[in-house]
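Here's a walk through a two-chain model, loop oddities before the bigger picture. Keep the viewer open as you read.

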Amino acid sequence: MAMTIHVDIVSAEEEIFSGTANMVFAPAEMGEVGIAPRHTPLLTRLKPGEVRVQVEGKEEQFFYVSGGMLEVQPHVVTVLADTAVRARDLDEAAALKAKEHAERAMKDRKSEFDFAKAKVELAEAMAQLRTIKKLREKTGV
Amino acid sequence: MAGAKEIRTQIKSIQNTQKITKAMEMVAASKMRRAQDRMRATRPYAAKMRTVVAHMGKAHPEYRHPFLIEREARRVGLIVVSTDRGLCGGLNINLFKAAMQAMAEWQSQGLEIDLSVIGTKAKSFFGRFGGNVVCESAHLGDAPGIETLIGSVKVMLDAYDEGRIDRLYIANNEFVNTMTQSPQVEQLLPVVGDESDEQLKHHWDYIYEPDAKEVMDQLLMRYIESLVYQGVVENIACEMAARMVAMKAASDNAGELISGLQLVYNKARQAAITQELSEIVAGAAAV
C-alpha cells in the first residue's frame, strides 16, 4: 500500500478540503515545498499561490490561497488559509478606521462607564420583558 | 354602528402588524438556518488552530510569545459583540448585563477597562452610558467576512503587545439551541491552553520558517482573529433565533388580540341590529 498523508485545508470561514493524499505542494515563504508522508514537523507561513494536492487514486487538485500558515506533522498536513488579502498596511488601515470611528463617537460622551444609570435602564428593560411574558401566560396561550 | 367601525379599523391595523411580524419570523427562520451553517463552517478552522497552538505549547521552542505569558493585570480589554438590529427579545440586554457584571467585578479589583464594540446595539449602549471605547465596528451584515473584523481585533492585539492592556476578553452570546442563547464572557489573552490528551509527550519541536517568532506572531494573531470571528458568527445565529422566537410570540399575540376584538365587534354589530329591529317594531306598532 502506498503511503498517504492526511490533508486538511481550512479557512476561517469554511472547510475547503479534507482527505488523504500521496503528496502535497504548498507555496511556503522560503520557496515551494513538497510534503511527502512522514515529513518532519514544520510550521511555516504561506505566500499567495496555489496548493496542489495529489489525492490518492485521483487527479491532482488545486486550491488558491492568498496566504496563511502550513503545519506539518508526520501524518497530517494542515493548511490554515487566509481568505482575505492581507498585508501589514492594509491591516493597519483597518485598525485605524475602527479606532477613528470610536474616537469620533467618544468626543461627545464621557469615558467613565455609568454603572448606576446603565443598571437602571437594563433593569427596566428586563422588567418590561418579564411583564410581557407574564401577561402572555395570564392570557393562557 | 360608530363603535363597530372603529373596532374594524383597529382589527385591520393589528392584522397588518401581524402580517409584518409573520414575515419577519419567516425571514429570521431561513436566515437562522444559514447562520447556523456558517457557524458550523467556521469550527474546523478554530479547531485546527487550537490543535496547532496546543502542539506549539508542547513543542518547547526557545521563544515564548507574549500572548502565552500571564502577567499582572492593571487594565483589561473587552470585546463586546452585539447585534446590529433590534427586535430580538432580550438577547442584547442579557449580554450587556453579563458584560456589566464582569466589568463591575474588574472595577472592584481596581482594573481599568478598554472596550471594543462590535454591532450598533453595543455602540449605542456604551454611547449612552460611557465607558472607554477604543474601537468600534458596526453594520457587519448577515454574513460578515473576516476582513470586516481585522481592524477591531488588531487594535486590541496591538494594545496588548504594547502593554496597554494585560488581558483580553470577549463577550458574546452562545448558541445553545433555537430557544436558548446564553451570554458568556471568555478570556482570549493570554491564551489559556487546555491541558489535554495526546501522545506527543516526548521532546520535539517544529522546524520554523523563516523563524519561530514571526511564525508564532502570525499564528497567534490568526488564532485570536478566528476566535473573535467565531464569536461574531455565533452571535448572528443567536440573533436570528431570538428574533424568530420574538416574532412568533408577537404574531401569536396579534392573533389573540384580533380574536378578542372580533368578539367585541360581533357583539356590537348584533346590538346594533337588535336596536334597529326594535325601533322598526316600535314604529310599526305606533302607526
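Let's start in a loop: Pro190(B) sits between S5 and strand S6 (207-209) of chain B. The peptide bond joining Leu189(B) to Pro190(B) is cis, with omega at about -10°. Keep in mind that this is a predicted model, and every value here is computed from it.

**Backbone oddities**

Most peptide bonds are trans, and most residues other than glycine have a negative phi. Against that background, a few positive phi values are worth a look. Here they are, glycines included:

| Residue | Phi | Place |
|---|---|---|
| Arg38(A) | near 65° | loop between strand S3 (31-35) and strand S4 (42-55) of chain A |
| Leu87(B) | about 55° | loop between S1 and H2 of chain B |
| Gly130(B) | near 80° | follows H3(B) |
| Gly163(B) | near 85° | follows H4(B) |

Are Arg38(A) and Leu87(B) buried or exposed? Arg38(A) has a relative accessible area of 57%, so it counts as exposed. Leu87(B) comes in at 54%, so it is exposed as well.

**Chain A**

Chain A has two helices and six strands. Reading from the N terminus, the order is β-β-β-β-β-β-α-α. The chain is divided into domain 1, residues 5-87, and domain 2, residues 91-139. Taken over C-alpha atoms, the centres of these two domains of chain A are 43 Å apart. Of the chain's 141 residues, 43% count as buried. If you take contacts in chain A between residues at least 6 apart in sequence, 46% of them join residues at least 24 apart.

For one residue to zoom in on, try Val72(A), which is part of strand S5 (residues 60-73) of chain A. Its relative accessibility is 0%, so Val72(A) counts as buried. What does Val72(A) touch, not counting residues up to four places away in sequence? The list is Ile35(A), His39(A), Thr40(A), Pro41(A), Leu42(A) and, from the other chain, Tyr206(B). Leu42(A) is 30 residues away from Val72(A) along the chain, yet their C-alpha atoms are separated by 4.9 Å.

**Where the chains meet**

On the chain B side, 61 residues are in contact with 56 residues of chain A. Together the two chains bury about 5100 Å², and carbon and sulfur atoms give 65% of that. Within chain B, the residues losing the most area to chain A are Tyr45(B), Phe129(B) and Glu209(B), which together make up 14% of what that side buries. The count of salt bridges between the chains is three. One salt bridge has the side chains of Asp82(A) and Arg222(B) meeting at 2.8 Å, N to O.

Phe129(B) turns up again among the buried residues of helix H3 (residues 120-129) of chain B, along with Thr120(B), Ala122(B), Phe125(B) and Phe126(B). That buried set packs against helix H2 (115-138) of chain A, and also against S1, H2, strand S2 (112-118) and strand S3 (133-137) of chain B.

**Inside chain B**

Asn92(B) belongs to helix H2 (residues 91-108) of chain B. With 6% relative accessibility, under the 20% cut-off, Asn92(B) counts as buried. Leaving aside neighbours within four places in sequence, Asn92(B) is in contact with Ser82(B), Thr83(B), Arg85(B) and Lys121(B).

H4(B) is mostly covered, with ten of its twelve residues buried. Among them are Val153(B), Lys154(B), Leu157(B) and Tyr160(B). At 1.5 Å a residue the helix should span 16 Å, and its end C-alpha atoms are 16 Å apart, so the two agree.

**The nonpolar cores**

In soluble globular proteins, nonpolar side chains tend to be buried together. The largest nonpolar core here holds 58 residues, and Ile79(B), Leu219(B), Ile224(B) and Val228(B) touch the most other members. Elements giving two or more residues to this core include helix H1 (2-58), helix H4 (150-161) and helix H5 (212-286) of chain B. H5(B) gives the most, with 20 residues. Ile224(B) touches Val153(B), Leu157(B), Leu188(B), Leu189(B) and Val191(B), not counting residues up to four places away in sequence. Apart from this core lies another one of 30 residues, among them Val76(B), Leu78(B), Leu95(B) and Trp106(B).

Notes: Residues are numbered from 1 along each chain as its sequence is written. Chains are lettered from A and ligands numbered from 1 in the order in which they are written. This is a predicted model: local features need pLDDT of at least 70, side-chain atom pairs count only at pLDDT 80 or more; totals for chains, interfaces and linings use all residues. Side-chain values use heavy atoms; hydrogens and water are left out. A nonpolar core is a set of buried Ala, Val, Leu, Ile, Met, Phe, Trp, Tyr and Cys residues joined through side-chain atoms within 4.5 Å. Buried means under 20% relative accessible area, exposed over 50%, partly exposed in between (1.4 Å probe, protein chains only). Helices (H or I, at least four residues) and strands (E, at least two) are DSSP runs, numbered from the N terminus. Contact means heavy atoms within 4.5 Å. Domain bounds come from an automatic or database domain assignment. The expected span of a helix is 1.5 Å times one less than its number of residues. Buried area is the accessible area (1.4 Å probe) that two parts lose on being put together, summed over both. A salt bridge is a side-chain nitrogen of Lys or Arg within 4 Å of a carboxyl oxygen of Asp or Glu.
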